[in-house]
Amino acid sequence: MAKKARTPTPPRRVQAPQRRDGKQPRQPGGGITISRNTLIGGGGALGVVIVAVILFFALSGGKSSAANVKATMLAAGCTYQDKKPLPPRDAVKGSGGNFHADVPTLTTPMKGLWSTFPPSGGGHYQLWAIWGFYTEPLNPRQVVHNMEHGAVVIWWGPKVSPATVAKLRAFYNEPISGGAGDGMMGTPLTSIAGKSLGDKIALTAWTALPGTYYVNGDYGIGHVAICPDFNEHAFDVFRDAYRGKGPEGIPLADDEPGMGP
């Protein structure tokens, strides 16, 4: 796929993101990728333990499996779905189309643009939003681009209480692999094409297997959970399963709070 064109000047943002304290953003590039899997060898009793562990994850679906995420979110009283994004409107099988062409401006109508609410993949503006936690609504047309880079997005409706937003901010700031806030976005959401979250909270992410994005009509999978309240365990499971697994394979070192196009 040809490299995407970028305009030299990003659009003016309404509000700077709230960054974690005491850390300056790194320049894009570099970083270390830590595998989630550890290769273990051995025999005898150790082999029995290994078999037991493998069997456990096979039966449970594993921490990072979509089935386990779904079960965890439903147990927390949330709704959950995995859904393919709508393909680019100019897509031709084998050529892939271009998601940027679907959103040429930051005022492109959003009705019919995405397959889920809130959006979890698909058409987006060519420049993503500055990484961070916001208290004023971001433009969803940009936030979808952050998901393409691997973001787990926390959205909340206008009726969510300040106390709950404080919990969401604390969740965003939790120390995690790579650094607090890396690969995370937080933003209120007013409405999209007449739909609103009201007093609900949503988590969204967009994932794809390495090397398959835009190949033979494969545009990845969107993941959406909508919850009546903050649930730390469920939110941890969603984040740990999908953060940093965007279709473009961007490293978390390029997705730190304060970074932008």
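In this predicted model, 5 strands form an open sheet. Their order is β1-β5-β4-β2-β3, and the pairing is mixed. The edge positions belong to β1 (79-83) and β3 (184-188). Each has a single partner strand, so one side of each is left without a neighbour in the sheet. On average, neighbouring strands are turned by 15 degrees against each other, direction ignored.

Within the sheet, β4 pairs with strand β5 (residues 221-227). The pairing is antiparallel and spans 7 bridges. Ala202 has its bridge partner in β5, namely Ile226. A helix also meets the sheet. Helix α5 (residues 162-172) lies across β2, β3 and β4. Its direction is at about 170 degrees to β2.

The largest nonpolar core has 30 residues. Met147, Val153, Trp155 and Met185 have the most contacts inside this core. Three elements are listed here: α4 (140-148), β2 (152-156) and β4 (201-207) each give two or more residues to the core. The largest share, 3 residues, comes from α4. A second core is separate and has 26 residues. Val152, Tyr172, Ala205 and Ala234 are among its members.

Met147 was examined further, leaving aside its neighbours within four places in sequence. Met147 is in contact with Val153 and Trp155. Its contacts also include Thr204, Ala205 and Trp206. Pro119, Ser120 and Gly121 touch Met147 as well. Gly246 and Pro247 complete the list of contacts. Ala205 thus appears twice: as a contact of Met147, and as a member of the second core.

Notes:
Residues numbered from 1 in each chain as written. Predicted model: local features only at pLDDT ≥ 70, side-chain atom pairs only at ≥ 80, totals over all residues. Heavy atoms only, no water. Core = buried A, V, L, I, M, F, W, Y, C linked by side-chain atoms within 4.5 Å. Buried < 20%, exposed > 50% of the residue type's maximum accessible area, 1.4 Å probe, protein only. Helix = DSSP H or I, 4+ residues; strand = E, 2+ residues; numbered from the N terminus. Contact = heavy atoms within 4.5 Å. Pairing = 2+ DSSP bridges. Axes fitted to C-alpha atoms, helices over the stretch in contact; angles between N-to-C directions.
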